[in-house]
Amino acid sequence: MSVNQLTFAAFLGLACFGSGPATAQSAQGQLNLGASHSSRYGSAVDLSFRGTDLGGYGINAFVAAKNGGEGRQLSFNVERQIGLDDTRLGRDTQLYLGISGKSSAWEVDAFDSKNIGLEVSYDAEIRPNLRYSAGLFWQRDTLEDFSAGTSAFLVADEGTTDAAGAHFGLIWDTYLEDGPLAIGADAGVQLRVAGLGGGRDFKSMTAFAHTTRPLVRDAVLRLEVQGGAINSSDGVHLIDRAFSPAGGLRGFTYAGITPRDSTTGDALGGTKYVSASVEALAPYGTRGIAVGAFADVGSVWSLPDIVSPLVDDKFELRSSVGLTLKWKTASSYLDISLAAPVEYLESDDKKTFSISFGSEF
C-alpha cells in the first residue's frame with residue numbers, strides 16, 4: 001500500500017464512520033506543524049491533524065506525516081467511539097470501531113514497512129481506577145525493499161501477511177496527571193491471540209507496572225517493570241518480534257540488545273523481553289523540568305524457530321546507569337539521557353548519549 005493509498009484510506013475511514021455531513025462549527029480539530037529529533041531517526045518535520053468527536057458523530061482521528069533526511073513516515077488512526085453508559089459489561093462502557101495504517105521508510109531500518117488494520121473493541125470500568133477491554137482485530141503487514149546484504153533470517157519474512165484474532169486487556173491506573181513528577185501507580189496486562197483466519201498465528205502476553213512515590217521535598221522515586229512473550233506454531237514472524245524492551249533500555253540503541261546474525265550483524269529481534277528501571281527525579285526551575293539519575297536492566301532473547309550457530313539467542317541481562325533531564329509542556333517535550341552501559345555483550349550496539357524532542361508551532 002502506497003503513501004497515497006494510506007492517505008485515501010484515512011479519509012475513507014472518516015467518511016464511512018460518519019452518518020452525515022459535518023459542519024465546521026461541530027468539528028473539533030487541530031492542525032499542527034512541528035519539529036522532532038530522536039537518536040534513532042534523526043531530525044524531521046512533523047505535520048499532524050488531530051480531531052475529537054468530529055461532526056458530533058463520536059469520530060476521533062489522527063493523521064501524521066514525518067519527513068526528514070533519514071526517511072519518512074505516514075500514519076493515521078480513525079476511530080468511532082460510542083458511549084453506552086453503564087451496562088452489564090461494566091460502568092462507563094465504550095464501544096470502538098477503528099481503522100489504522102502506517103507506511104515507514106527509514107535509512108536506519110533494513111526494510112520498508114506498511115501496515116493497515118481494523119479493530120472492534122470495547123472497554124468498561126469494573127472498579128474505581130480499574131478497566132478492562134476486549135475486542136477483535138485484523139491487520140495486513142508488508143515488508144519490502146530490504147537493503148542489500150541483509151541477513152537471510154530477516155529476508156525470509158519479506159512480503160505481505162495477514163493476522164486476525166482477539167485481544168483482552170486489564171489496566172489499573174491511579175495517576176491524576178501526566179508528567180515525569182506525577183504521583184501515582186498503574187499496572188496492566190494484555191493478551192492477544194491470532195489465528196482466526198489470516199496467514200499468521202500467535203499467542204502473546206505483555207505486562208507492566210509503574211509506581212511514582214514522593215522522596216524528599218518535591219523529588220520522586222519512580223520504579224517500573226515490564227515484560228512480554230510471544231509464541232507461534234508456525235514460527236514468530238519478524239513483524240511480531242520484540243526489538244527492544246518497551247520504552248527502550250538507556251545506554252543502548254533501539255534493537256541494540258537483541259539476538260543478531262553474527263555474519264551480517266543485523267538485529268533479529270526476540271520472542272521474549274523483560275526490563276526494570278529505578279529513577280530518582282527532582283524538579284529543576286519549574287514543575288515542567290525534571291533532572292535525575294537512573295539504573296536500567298533488561299534483555300531481549302529467544303528465537304526458537306532459528307536454529308543456527310550464527311545466532312546466539314540466550315538470555316543475557318544488560319544494565320546501565322546514568323543521568324537524565326526531562327521537560328514537558330502541552331505542546332513540547334524534551335528527553336535527554338547520558339548513560340554508561342555496565343553489563344553488555346561485545347555484539348551489542350551501545351549509545352552513551354540520547355536525545356529526543358518534539359515541538360508544535
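**Group meeting: salt bridges, strands and a nonpolar patch**

Okay, let's start with the charges: Arg-250, Glu-279, Asp-296, Lys-326 and Asp-335 are tied together in a network of salt bridges. Before I go on, keep in mind that this is a predicted model.

Within that network, take the contact between Lys-326 and Asp-335, whose side chains form a salt bridge at 3.3 Å, N to O. How covered are the two partners, buried or partly exposed? Lys-326 has a relative accessible area of 15%, so it counts as buried, being under the 20% cut-off. Asp-335 comes out at 26%, so that one is partly exposed.

As background, side chains of opposite charge can pair when their charged atoms come close. Over the whole structure, the search turns up 18 salt bridges. I'll pick out a couple more.

Asp-240 and Arg-200 make a salt bridge in which the closest N and O atoms are 2.9 Å apart. That pair connects distant parts of the chain, with 40 residues separating the two: Asp-240 sits in the loop between E11 and strand E12, which covers 272-284, and Arg-200 sits in the loop between E9 and E10. And both of them, Asp-240 and Arg-200, are buried.

Then there's Glu-224, which has a salt bridge to Arg-222, with 3.6 Å between the closest N and O atoms. Glu-224 is partly exposed, at a relative accessible area of 23%.

Right, on to the strands. E9 takes in residues 184-198, and E10 takes in residues 202-214. How many bridges join E9 to E10? Eleven, and the two strands run antiparallel. If you want a pair to look up on the screen, Ala-187 has Ala-209 in E10 as its bridge partner. Together E9 and E10 make a hairpin, with three residues between them.

Carry on along the chain and E10 pairs with E11, residues 220-231, again in the antiparallel sense, this time over twelve bridges. Here you can find Met-205 standing opposite Ala-229 in E11. E10 and E11 form a hairpin too, with five residues between the strands, and in that hairpin Arg-217 takes a positive phi near 50 degrees.

Why stop at that phi value? Because most residues other than glycine have a negative phi. So where else does a positive phi turn up? One place is Asp-92, with phi near 50 degrees, and it isn't a glycine. Asp-92 lies in strand E5, residues 90-106, and is partly exposed, with a relative accessible area of 35%.

Another is Asn-129, also not a glycine, with a positive phi of about 75 degrees. You'll find Asn-129 in the loop between strand E6, 112-127, and strand E7, 130-144. Its relative accessible area is 41%, which means Asn-129 is partly exposed.

Last stop, the surface. Which residues make the nonpolar patch? Ile-126, Phe-168, Leu-170, Leu-191 and Met-205, and together they give a patch of about 400 Å². Two of those names link back to the strands: Leu-191 lies in E9, and Met-205 is the residue opposite Ala-229. Leu-191 has a relative accessible area of 38%, so it is partly exposed, and the patch takes residues over 30% that have no salt bridge, which is why a partly exposed leucine like this can belong to it.

That's my tour; happy to go back to any of these on the screen.

Definitions and conventions. Residues are numbered from 1 along each chain as its sequence is written. This is a predicted model: local features need pLDDT of at least 70, side-chain atom pairs count only at pLDDT 80 or more; totals for chains, interfaces and linings use all residues. Side-chain values use heavy atoms; hydrogens and water are left out. Patches are made of residues with over 30% relative accessible area and no salt bridge: like charges are joined within 9 Å, nonpolar side chains (Val, Leu, Ile, Met, Phe, Trp, Tyr) within 5 Å. Accessible areas come from the Shrake-Rupley method with a 1.4 Å probe; for residues, only the protein chains shown count as cover. A salt bridge is a side-chain nitrogen of Lys or Arg within 4 Å of a carboxyl oxygen of Asp or Glu. Helices (H or I, at least four residues) and strands (E, at least two) are DSSP runs, numbered from the N terminus. Buried means under 20% relative accessible area, exposed over 50%, partly exposed in between (1.4 Å probe, protein chains only). Two strands pair if DSSP finds at least two bridges between them.
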